[in-house]
Amino acid sequence: MMDRIFAWGYNFKTAPVEIRELLACSKEELCDLLTAVKSYSGVRELVILNTCNRVEAYAVAEDYHQMHLLVSAFLELKKVSPSYKKYSFFLEGKEAVAHIFRVASGLDSMVVGESQIVHQFKEAFRLAKECGGLGKILNRVFEKALRTAKRVRTETGIGKNAVSVSYVAVELAKQIFGNLSKAQVLLIGAGEMAELASKYFKKLKASIFIANRTYQRALELARELEGNVLRYEELPDHLHKFDIVLVSTGAKGYVLTKEMVENAMKKRDYRPMFIIDISVPRNADPDIESIDQAFLYNIDDLKGIAQENLKGRLREKEKGEIIVWDEVEKFFRWLELLPIEEKIVKIKNYWADVEKREPKFRRFLHLALEEIKRNPSDSEKLIKILLEEVKEDGNKARELSYVHNRVDGAGV
């Protein structure tokens, strides 16, 4: 039985952030999770992609039963109720591969065309390889996905003026606050997304402060941006000074609690404070919304702005979709050929001597192999004859007409 390719998981299209954050995986736990799920389910190959907008599993398995075990094991290990399966998607075959290619190309991103996903995609496959999840098929999927991403970026205009989640977060701040040149902005976190956001804020001439658990990292980013550093442990004492707070950390719990914000709002005489939390899991307590003049936004609130950004690029997205399906068809031609790949190599080796001596036979063998590659399912007879000739004649010196007659069905 030929192995099948599946894609299952949760993303911003299928599940709200409250669900996605329950399934989010830290870098530290991903390898153990992947190994345990793969072992329990029996799937042959497995990659887990975890970003702020998706937690998805790409697998090579024999059947649906193995995928059912995979889903059950994943949810159990994450301590999530099986009832949450209703928020997930499930794809197989060409639809699964097309989805993977779209993800790698940024065509399935909240901010269509963003390039950050390529790095995240590479990181997911690198980790899968290190943890024993990657095999021949998903390795080829990975190569083809990156090729698709490159084609989409170079053959369409989807990447022109492309923006990121961080950009959209800053755009939201601009829409809310207006002129940011007089705004006091606090970035909590100094990772890739926070760094991108800080650069956008700098362009808008906002006054930037950075707080990070690792003080040295905050210091480095502040120097680069000509910004200021706030010690992480001093956050509660200085929170009231900021008009806009953007939170983007890898913390599993709340970095901003309701109590912290309540105290800050009192100190600032309830002047409005805008908090934008682009972390998954969320780092700002959702109850902050109940505080007067404290306005809390999470990553799902960015969808509207992202959709506005997409309107002018829908045609380019359609072009990207054509490229995706072109690459999907190429991949499945390779996949169909995979079971007979060893036989083709064996045929080439068996007839190597004859190829060198007989120019006509070289041409015949080339045409025969091309036919096998074009129609692998209908080429069993041709493969059998080419391999049988070796058994019947150890020196492989059959006349070309003899082989040709066998292919046409003539008697020996």
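**View 1. Helices H7 and H8 lie oblique to each other in this predicted model.** Here we look at helix H7, residues 165-177, packed against helix H8, residues 192-203. Their axes are 8 Å apart and make an angle of about 45°. That angle falls outside the ranges for roughly parallel (under 35 degrees) and roughly perpendicular (65 to 115), so the pair counts as oblique. The crossing of H7 and H8 is right-handed.

**View 2. Side by side, H7 and H8 meet through two sets of five named residues.** From H7 come Val 165, Ser 166, Tyr 167, Val 170 and Ala 173. Facing them from H8 are Met 193, Leu 196, Ala 197, Tyr 200 and Phe 201. Sorted by class, the contact of H7 with H8 holds 9 nonpolar residues, 1 polar residue and no charged ones. Which residue is the polar one? It is Ser 166 of H7.

**View 3. Helices H5 and H6 run roughly antiparallel.** Helix H5 covers residues 116-130 and helix H6 covers residues 136-155. Their axes come within 11 Å and cross at roughly 165°. Since angles over 145 degrees count as roughly antiparallel, that is how H5 sits relative to H6. The crossing of H5 and H6 is left-handed.

**View 4. A closer look at the residues where H5 touches H6.** On the H5 side you will find Val 118, Phe 121, Lys 122 and Phe 125. They meet Leu 138, Phe 142, Ala 145 and Leu 146 of H6. By class, this contact of H5 with H6 has 7 nonpolar residues, 1 charged residue and no polar ones. The charged one is Lys 122 in H5.

**View 5. A disulfide joins Cys 31 to Cys 131.** The structure holds 1 disulfide, and the sulfur atoms of Cys 31 and Cys 131 are 2.0 Å apart. The link is left-handed, with -130° about the S-S bond. What does this pair tie together? Cys 31 belongs to helix H2 (residues 27-41) and Cys 131 to the loop between H5 and H6, so the bond connects parts 100 residues apart in sequence.

**View 6. Four cysteines, seen by their accessibility.** Of the disulfide partners, Cys 31 is partly exposed at a relative accessible area of 25%, while Cys 131 counts as buried at 14% relative accessibility. Also shown are Cys 25, buried at 7%, and Cys 52, buried at 14%. The cut-off for buried is under 20% relative accessible area, which is why Cys 31, at 25%, is called partly exposed.

Conventions: Residues are numbered from 1 along each chain as its sequence is written. This is a predicted model: local features need pLDDT of at least 70, side-chain atom pairs count only at pLDDT 80 or more; totals for chains, interfaces and linings use all residues. Side-chain values use heavy atoms; hydrogens and water are left out. Axes are lines fitted to C-alpha atoms, for helices over the stretch in contact, and angles run from 0 to 180 degrees between N-to-C directions. Helices (H or I, at least four residues) and strands (E, at least two) are DSSP runs, numbered from the N terminus. A crossing is left-handed if the near helix is turned anticlockwise from the far one by less than a right angle, and right-handed if clockwise. Contact means heavy atoms within 4.5 Å. A disulfide is a pair of cysteine sulfur atoms within 2.5 Å. Buried means under 20% relative accessible area, exposed over 50%, partly exposed in between (1.4 Å probe, protein chains only).
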